[in-house]
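Colleague: Please take a close look at one part of this model for me. I would like to hear about the salt bridges, one pair at a time.

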Amino acid sequence: MIRTYTTKWGVNRRSFTEGIAALPVLGLSALTRSAFPQAKYPTKPPRLVLPFAAGGVGDVTARVVAEKLGNRLGQRLVVDNQPGAGGISAANAVRTARPDGYTLALLSNGTAISVGLFNRLPYDPVKDFTPVSSMGYFDFLFCVNATSPFQTMAEFVKVAREKPGALNIGTINIGSSQNLTAELLKATAGIDVILVPYRTSPEVVVALLRNDIQLAVDSYAALKSPILDKTIRPIASSGPSPSVILPTVPPVKAAGIGEFDVISWNGIFARTGTPKETIDTLNRGLHDALAEPDVKQRLLEMGIEAKGSTPEELGIRLRSDIEKWSKVIERAGVPKQ
């Protein structure tokens, strides 16, 4: 209640202290905001959660970019490795964090694959995360033993059609991007070949050198050493155009089997609800970091094309890959986990 009193002049006046106390709350809030403006993001080191173990290609890629992004933001990015469970634990760590841009996720086409591969996920990649920007893109290589008679993918497909079940394709574990790329080749080319899964990329290479398999599917980073040693030979790349790192290697679709387009990618996402201003700040920082010549060169050495995107473009890529790989998984009869 605001009390009044009458002066000797007959004018009603409020007590000064009571009048101050009665100031509208909204006015005080506005006064406070103008006196104490909010600090711009980031005011502390953000954390980037990775679904990879330390030391691998994905980890090295993220750390190269994170260092440069941190320089742009004025805060060091803390890289937090949480491998295992198909990337579920890493993604869930971000889903349960505050939507303030200080806990970020590195998601990839593997995240899109997990939607069709797992019976149930504790998160929805589309609804629970907001895209920031892509970081890099790379395709897979189809390689043969250096002594193989196959010079092109068209030759491999021709023999596979003539001799059903006679040829083997080696990849890492069932449900991996590499394994599903081989499944897509089977379906697109209409060939009957045996897919042989191995635990690691080096085991795939050994099997190829022993002629246990006639074709291997893996990333350039995994096959770089034997390719440079000329013990194995790439005959096709999985993208819609020649590989960036090996431009003389033709794409699979050059074999005349129809459209074939597999590009692996990774990108940074924040939890849904993160302010747009924060997303925009991160997006600008990532684009600047990826444009630096030493970053481009370092990633290219691992077979990765450093390339940013708009948040909208990355969201479209994620949704498209979820639909694509879910169909491949269902058609191939890959058991759900």
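Modeller: Buried means under 20% relative accessible area, exposed means over 50%, and partly exposed lies in between. By that cut-off K68 is buried, because its relative accessible area is 17%. Keep in mind that this is a predicted model.

K68 pairs with D294 in a salt bridge, and their closest N and O atoms are 2.8 Å apart. K68 sits in helix 3 and D294 in helix 11 (residues 293-301), so the bridge ties together parts 226 residues apart in sequence. D294 is partly exposed, at 41% relative accessible area. The pair does not stand alone: K68, R72, E292 and D294 form one network, joined by salt bridges that share partners.

Now stay with helix 3. D59 and R63 also meet there through their side chains, in a salt bridge of 2.8 Å, N to O. The two are four residues apart in helix 3 (residues 57-73), so about one helical turn separates them. D59 counts as buried, at 3% relative accessibility. R63 counts as partly exposed, at 36%.

Next, the strands. The side chains of D80 and R47 meet in a salt bridge of 2.6 Å, N to O. D80 belongs to strand 4 (residues 78-81) and R47 to strand 3 (residues 47-50); the pair links distant parts of the chain, 33 residues apart. R47 counts as partly exposed, with 28% relative accessibility.

As for the total, the structure holds nine salt bridges. Side chains of opposite charge can pair when their charged atoms come close.

Notes. Residues are numbered from 1 along each chain as its sequence is written. This is a predicted model: local features need pLDDT of at least 70, side-chain atom pairs count only at pLDDT 80 or more; totals for chains, interfaces and linings use all residues. Side-chain values use heavy atoms; hydrogens and water are left out. A salt bridge is a side-chain nitrogen of Lys or Arg within 4 Å of a carboxyl oxygen of Asp or Glu. Buried means under 20% relative accessible area, exposed over 50%, partly exposed in between (1.4 Å probe, protein chains only).
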